[in-house]
Amino acid sequence: MPVSSKTPVTIVTGFLGSGKTTLVNNILQNSSHGLQIAVIENEFGQVSIDEELVSENLQEKEDIITMDNGCVCCSVRGDLIRALLTLKDRKDKKFDSIIIETTGLADPAPVAFTFFTNPEIADHYELDSILCLVDAKHIQLHLEEHKPDGAVNEAVQQVAFADRILLNKTDLVSEECLLETTSILRSINAVAEVIPTQNSKIDLKKVLGVSSFSIEKTLQHDPSFLDENKSQKHDLSGVSSVGIECEGEFDFNSVNEFMMDLLQTNHENLYRSKGVLCFKGQGNKKFVFQGVHEQINFGPSEIEWTPEERRVNRIVFIGRNLNREELEDGFKKCLT
């Protein structure tokens with residue numbers, strides 16, 4: 001197929017808590033682009049949070065496909081191919097654009113590789129761009145993280161393979177820190193445009209339909225990119241996802257106290273926390289809970305619990321050496 005007939009695909013990557021889901025929601029909420037967009041969500045863990053947050057802004061629930069039983073760069077690449085083929089074969093709707101939001105622990109290279117090695121995918125889809133969201137406050141911590149011999153550093157790979165880097169949360173750091181971080185990013189990837197952002201807000205003309213992915217530049221960075229026999233170790237030893245689902249209402253003060261204690265003792269190992277919660281005395285309000293290391297924010301969502309909807313709380317913790325039993329027991333004790 002000619003490139004003009006192919007559906008453009010945007011890969012949104014970036015380490016845990018960098019603002020990927022917020023960017024996707026910003027795109028979906030902005031109707032000025034006039035595009036029919038489908039979203040493929042990949043979450044690390046079996047309790048899906050991002051699907052619920054993103055689906056609020058999609059015109060139809062069927063326009064989102066979730067893969068939550070592994071990382072799209074390795075264990076569920078076959079699921080990615082099936083998802084793309086499913087969208088291609090839908091008779092009721094022709095999509096103008098596809099957004100793939102990877103898990104924060106994914107290496108984007110194998111995801112991009114799919115669009116050049118699978119004939120049916122290559123015939124119908126064009127990789128438009130790889131956007132990397134970077135958390136200005138915490139990215140240096142993850143770029144410098146020691147990995148076992150032969151294992152890739154996911155944060156480094158995400159920056160290296162991007163053709164647009166969104167340096168997000170710039171309001172949380174000093175100008176000096178911002179300049180230092182920008183210099184580090186450019187030392188890893190000298191050709192990608194670095195765009196400062198807050199709350200993942202950006203002119204959509206800079207992220208959709210930009211045709212900025214270049215196979216030539218990618219091969220300059222990684223000459224073995226198209227080598228089907230290439231093998232890279234994706235080491236997630238010690239990193240786990242603890243998903244908790246429980247029905248009922250939480251006590252606000254108990255949850256606050258539990259999280260304060262948790263962060264005081266384990267904030268460096270707690271990469272990401274997120275959830276959709278129900279609090280006693282708050283009527284039908286759904287509360288969205290977001291955390292990156294020691295930074296926690298939560299507030300009411302625009303979408304409320306419906307009268308017939310079960311009040312099922314969903315919480316996910318992602319980090320290193322997490323104690324599942326302690327987290328489940330501690331959170332469930334906060335129920336009224």
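Okay, let's start with one pair: the side chains of Arg310 and Glu247 meet in a salt bridge, with 2.9 Å from N to O. Before I go on, keep in mind that this is a predicted model.

So where do those two partners sit? Arg310 is in the loop between strand 11 (295–304) and strand 12, while Glu247 is in strand 8, so this pair ties together parts that are 63 residues apart in sequence. And how open are they to the outside? Arg310 counts as exposed, at 55% relative accessibility. Glu247, at 48%, counts as partly exposed. The cut-off for exposed is over 50%, so Glu247 falls in the class below.

If you're wondering why such pairs turn up, here's the general idea: side chains of opposite charge can pair when their charged atoms come close.

Now stay with strand 8, please. Which residue pairs with Glu245? That would be Arg314, and their side chains form a salt bridge at 3.0 Å, N to O. Glu245 belongs to strand 8 (residues 239–247) and Arg314 to strand 12 (residues 312–320), so here the bridge ties together parts 69 residues apart in sequence. Both ends get the label partly exposed: Arg314 has a relative accessible area of 25%, and Glu245 has 45%.

Okay, over to the helices. Glu120 and Lys88 also meet through their side chains in a salt bridge, this one at 3.6 Å from N to O. Glu120 lies in helix 5 (residues 119–124) and Lys88 in helix 3 (residues 77–88), so the pair links parts that are 32 residues apart in sequence. Glu120 is partly exposed at 38% relative accessibility, and Lys88 is partly exposed too, at 25%.

Let's zoom out. How many salt bridges does the structure hold? There are 11, and the three I walked you through are among them.

As for the chain as a whole, you'll find 11 helices and 12 strands in it. It has 336 residues, and buried ones make up 55% of them. The accessible surface comes to about 15,500 Å², and carbon and sulfur atoms account for 45% of that.

One last number, and it goes with the theme of parts that are apart in sequence. Take the contacts in the chain with a separation of 6 or more: 80% of them are between residues 24 or more positions apart. When you look at the structure yourself, try finding Arg310 and Glu247 again, with their salt bridge at 2.9 Å. That's it from me, thanks!

How values were computed:
Residues numbered from 1 in each chain as written. Predicted model: local features only at pLDDT ≥ 70, side-chain atom pairs only at ≥ 80, totals over all residues. Heavy atoms only, no water. Helix = DSSP H or I, 4+ residues; strand = E, 2+ residues; numbered from the N terminus. Buried < 20%, exposed > 50% of the residue type's maximum accessible area, 1.4 Å probe, protein only. Contact = heavy atoms within 4.5 Å. Areas by Shrake-Rupley, 256 points an atom, 1.4 Å probe, with all protein chains shown as cover. Salt bridge = Lys/Arg side-chain N within 4 Å of Asp/Glu carboxyl O.
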